[in-house]
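Pull up the model and take a few minutes to walk through it with me. We'll go from a record annotation to the ligand, and then out to some backbone oddities.

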Amino acid sequence: MSKASMWSKNISFTNGELNLSGIPASQLAKEFGTPTFFLDEEAFRSRAIAWRDGLKAEFGSNAGQVYYASKAFISTAVAHWISEIGIGIDVCTGGELAVALAGGVDPSMIEVHGNNKSLSEIDRAVSQGVKTIVVDSIFEIERVAASAKKHGVRQSVLIRLTPGIEAHTHESISTAHEDVKFGFSIASGAAWIAVEAISKLPELELRGVHCHIGSQIFGTEAFEIASDRLLEFMARYRDAFGVELPELDLGGGYGIAYLPSEVTVEPADVLPAIGTAVRAACAKYALQLPLISIEPGRNIVGPTMFTLYEVGTVKDVVIEDGSIRKYISVDGGMSDNARTALYDAEYFACIAQRTSTASTTQSRLVGKHCETGDIIIRDIQLPSDVVPGDLIATPATGAYGRSMASNYNHVPRPPVVAVIDGNARVIVRRETEADLLALDVAEM
Ligand SMILES: *Cc1c(COP(=O)(O)O)cnc(C)c1O
């Protein structure tokens, strides 16, 4: 098959067999088992570098930081690559902070998010000396200040704003319209109350403003509107306090291809338009160009992994219109890919270890969980000769795949195997039944 952009850079197809960095899918399955997430390490590194260099190219000395959004996928190996590449990382829980630190990320490269950070998460972040905490409520402003006072430091903070924009994505991943749990609303006045509260606390240094307008966004219009609203707010700050805030963080959300018909957003597709919008708004409000930071998650890691499954059963089911739907069951499911059930996300799949010349038939790719909604791909045309033992690959599962994986039905979560230069190595091992049982406190 021809290669569409949902497959990562170092994937090729030889005689119908998928290869990653020259290693055939059948060999990967034999060595590491299925289901497994395979990560194209070189592709990951080059995507992270492209965002780093793209931000620099667009904003020069006003390039702030690229923060990799670790919730998309994080492990100590990935944290290590991130620090080698020299970009920052955003974490939104104590767990993500722990992995970043264990992977050797310098706290001065860490930004802390979250709408309900616990007291201990705040205290760990402050005592570790993280670069910035993005404050999300009035309570949190006081909590961060108290922790900074206790540790005798002045903590730099950004304030998360909701600029009131509907980015055109699924509701649960669209975050910056008004009726959401995140941030301070500009329109309602909450944002201004927060700014005044911060200004009265000498333990806090307000470095700037932040927004994250959603996820899986294509086009630049939402970023352009957000830039304008945030810079207008920064001008209001300047008018009231007589100084300009030095940083504007526009969050993440850059879309990727999941289907053959889709195209992944590249830094050069969006950063120039964002640059133009930011400069226009600065001119409009008579502001200096601030440092511009961004937080891509999905766009860096999403395209760099695929999931490899093995088919266990196939079943022809006569459906309402009298036609036949082939149910193809693989050895994973909603426990390793929650996005179809959660967001009606769409994925592509193909047979990974052989060519098929059979005609295609309407198929549904399902998992092994005891639930009707355990669907990986609701509707897909797949060759009619798929049989048990075939390997199935689903591309673009790097973001919110392993990171949202669960143990539903006590299924151990799959490993992540990084492949580079023809070498494959486990970076997150497969969970075992012993791992799962280790949590049980037996009373016998
Ligand atoms: C989720 C999130 C991101 C990353 O979003 P992507 O769509 O993966 O790029 C960035 N910033 C914040 C605050 C987020 O919550």
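Start with the annotation: UniProt, in an unreviewed entry, places the feature "domain: Orn/DAP/Arg decarboxylase 2 C-terminal" at residues 307–398. Keep in mind that what you're looking at is a predicted model. Over residues 307–398 the chain is 46% strand and 5% helix, and the C-alpha atoms at the two ends sit 8 Å apart.

Inside that stretch, have a look at Asp344, found in the loop between helix 11 (339–343) and strand 16 (350–351). Asp344 isn't a glycine, yet its phi is positive, about 55°. With a relative accessible area of 57%, Asp344 is exposed. Now compare Ala396, in the loop between strand 19 (391–395) and strand 20 (416–420). Ala396 also has a positive phi, about 65°, without being a glycine. Is Ala396 buried or exposed? Ala396 is buried, because its relative accessible area is 0% and the cut-off for buried is under 20%.

On to the ligand. Which residues come nearest to it? Of the 15 residues around the ligand, the answer is Lys71, Ser215, Glu295, Arg298 and Tyr400. Sort the shell by class and you get 7 polar, 5 charged and 3 nonpolar residues. Zoom in on the ligand's oxygen atoms: a polar side-chain atom of Ser215 lies 2.3 Å from one, and a polar side-chain atom of Lys71 lies 2.6 Å from an oxygen of the ligand. Gly253 makes its approach through the backbone, with an N or O atom 2.8 Å from a ligand oxygen. Taken alone, the ligand would expose 390 Å², and the protein buries 93% of that.

Next, a pair of threonines. Thr304 sits in the loop between helix 10 (298–301) and strand 14 (305–318). At a relative accessible area of 1%, Thr304 is buried. A polar atom of the Thr304 side chain lies 2.8 Å from the backbone oxygen of Val301. Thr276, on the other hand, belongs to helix 9 (residues 267–284) and counts as exposed, at 54% relative accessibility. If you want a sense of scale, go from Thr276 to Ala345: they are 69 residues apart in sequence, and their C-alpha atoms are 32 Å apart in space.

What about the cysteines? A search of the whole structure turns up 0 disulfides. Cys282 is in no disulfide, and the nearest cysteine sulfur, that of Cys211, is 14 Å away. That gap rules out a disulfide for Cys282, because the two sulfur atoms would have to be within 2.5 Å. Cys282 is buried, with 5% relative accessible area, and Cys350 counts as buried too, at 6%.

Finally, head toward the start of the chain. In helix 3 (residues 76–85), the buried residues include Ala77, Val78, Ala79, Trp81, Ile82 and Ile85. It helps to recall that an α-helix has 3.6 residues a turn, so residues three or four places apart point the same way. Try picking out that spacing among Val78, Trp81, Ile82 and Ile85, which are buried in helix 3. Helix 3 is followed by Gly86, whose phi is positive, near 90°. One last backbone feature: the peptide bond from Thr34 to Pro35 is cis, with omega near -10°. You'll find Pro35 in the loop between helix 1 (25–32) and strand 4 (36–40).

Technical notes: Residues are numbered from 1 along each chain as its sequence is written. This is a predicted model: local features need pLDDT of at least 70, side-chain atom pairs count only at pLDDT 80 or more; totals for chains, interfaces and linings use all residues. Side-chain values use heavy atoms; hydrogens and water are left out. A residue is near a molecule or strand if one of its heavy atoms lies within 4 Å of it. A polar contact is a pair of N or O atoms within 3.5 Å; within protein, one must be able to donate a hydrogen and the other to accept it, and residues adjacent in sequence count only if both atoms are side-chain atoms. Accessible areas come from the Shrake-Rupley method with a 1.4 Å probe; for residues, only the protein chains shown count as cover. Ala, Val, Leu, Ile, Met, Phe, Trp, Tyr, Cys and Pro count as nonpolar, Asp, Glu, Lys and Arg as charged, and the others, Gly among them, as polar. UniProt positions are given in the numbering used here, feature names are shortened, and annotations may be inferred rather than shown by experiment. Helices (H or I, at least four residues) and strands (E, at least two) are DSSP runs, numbered from the N terminus. Buried means under 20% relative accessible area, exposed over 50%, partly exposed in between (1.4 Å probe, protein chains only).
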